[in-house]
Amino acid sequence: MNTKQNRKAVFNQLQQMFEDAAMEGPEVLQSHLRDVAFSLGAQAAASSDPAHMPQAINDLISQFGRGIQTITREITGNESKFDVAVYAVSSSQH
């Protein structure tokens, strides 16, 4: 399976989960989105060197913005620029 096919498979699986949550109502949908965000954060942390976490977070946020831009363009038909960025990442160890 190539990268484009992987992305499509992941999107389809997440879309199905999103639709299932949406049928349960707005609270379940918001919980689903938080769960997905948590999972992405956990996967980024598990797969990244701690020194590279700020870049990993920025990459995830950039892709988040691209997703918003792509779907907005599909829905509205308008080409628009949508940028997102992380301005600060801090870590404290106890």
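Helices here are DSSP runs of H or I with at least four residues, numbered from the N terminus. With that settled, here's a quick tour of this predicted model. The main attraction is the largest pocket, at about 1,700 Å³, and helix 3 gives the largest share of its lining, 12 residues. After that come a nonpolar surface patch made by Val10, Leu14 and Met17, and a few residues worth clicking on.

**The largest pocket**
- You'll find 28 residues lining the largest pocket, and Phe11, Leu14, Gln63, Phe64 and Gly67 are the ones that lie nearest its centre.
- Three elements each give two or more residues to that lining: helix 1 (3-24), helix 2 (26-47) and helix 3 (53-76).
- Sorted by residue class, the lining comes out at 17 nonpolar, 6 polar and 5 charged.

**The nonpolar patch and Met17**
- Val10, Leu14 and Met17 together make a nonpolar patch of about 240 Å² on the surface.
- Leu14 turns up in two places, since it is among the residues nearest the centre of the largest pocket and is also part of the patch.
- Met17 belongs to helix 1.
- With a relative accessible area of 38%, Met17 counts as partly exposed, because that class runs between the 20% cut-off for buried and the 50% cut-off for exposed.

**Two buried residues in helix 3**
- Met53 sits in helix 3, and its relative accessible area of 18% makes it buried.
- Ala56 is another helix 3 residue, and it is buried too, at 15% relative accessibility.
- Both calls rest on the cut-off for buried, which is under 20% relative accessible area.

**An exposed residue in helix 2**
- Phe38 is part of helix 2.
- If you expected this Phe to be tucked away, look again: its relative accessible area is 64%, so Phe38 is exposed, the cut-off being over 50%.

**Some C-alpha separations**
- Met53 and Met17 are 36 residues apart along the chain, and their C-alpha atoms are separated by 27 Å.
- Ala56 and Val36 are 20 residues apart along the chain, with 16 Å between their C-alpha atoms.
- Phe38 and Asn58 are also 20 residues apart along the chain, and here the C-alpha atoms are separated by 15 Å.

How values were computed: Residues are numbered from 1 along each chain as its sequence is written. This is a predicted model: local features need pLDDT of at least 70, side-chain atom pairs count only at pLDDT 80 or more; totals for chains, interfaces and linings use all residues. Side-chain values use heavy atoms; hydrogens and water are left out. On a 1 Å grid over the protein atoms alone, a cavity is a set of points where a 1.4 Å probe fits but cannot get out, and a pocket is an open set with protein on both sides within 12 Å along at least five of seven lines; lining residues have an atom within 4 Å of a point. Grid points are joined across faces, edges and corners, and a volume is the space filled by probe spheres set on the points. Ala, Val, Leu, Ile, Met, Phe, Trp, Tyr, Cys and Pro count as nonpolar, Asp, Glu, Lys and Arg as charged, and the others, Gly among them, as polar. Patches are made of residues with over 30% relative accessible area and no salt bridge: like charges are joined within 9 Å, nonpolar side chains (Val, Leu, Ile, Met, Phe, Trp, Tyr) within 5 Å. Accessible areas come from the Shrake-Rupley method with a 1.4 Å probe; for residues, only the protein chains shown count as cover. A salt bridge is a side-chain nitrogen of Lys or Arg within 4 Å of a carboxyl oxygen of Asp or Glu. Buried means under 20% relative accessible area, exposed over 50%, partly exposed in between (1.4 Å probe, protein chains only).
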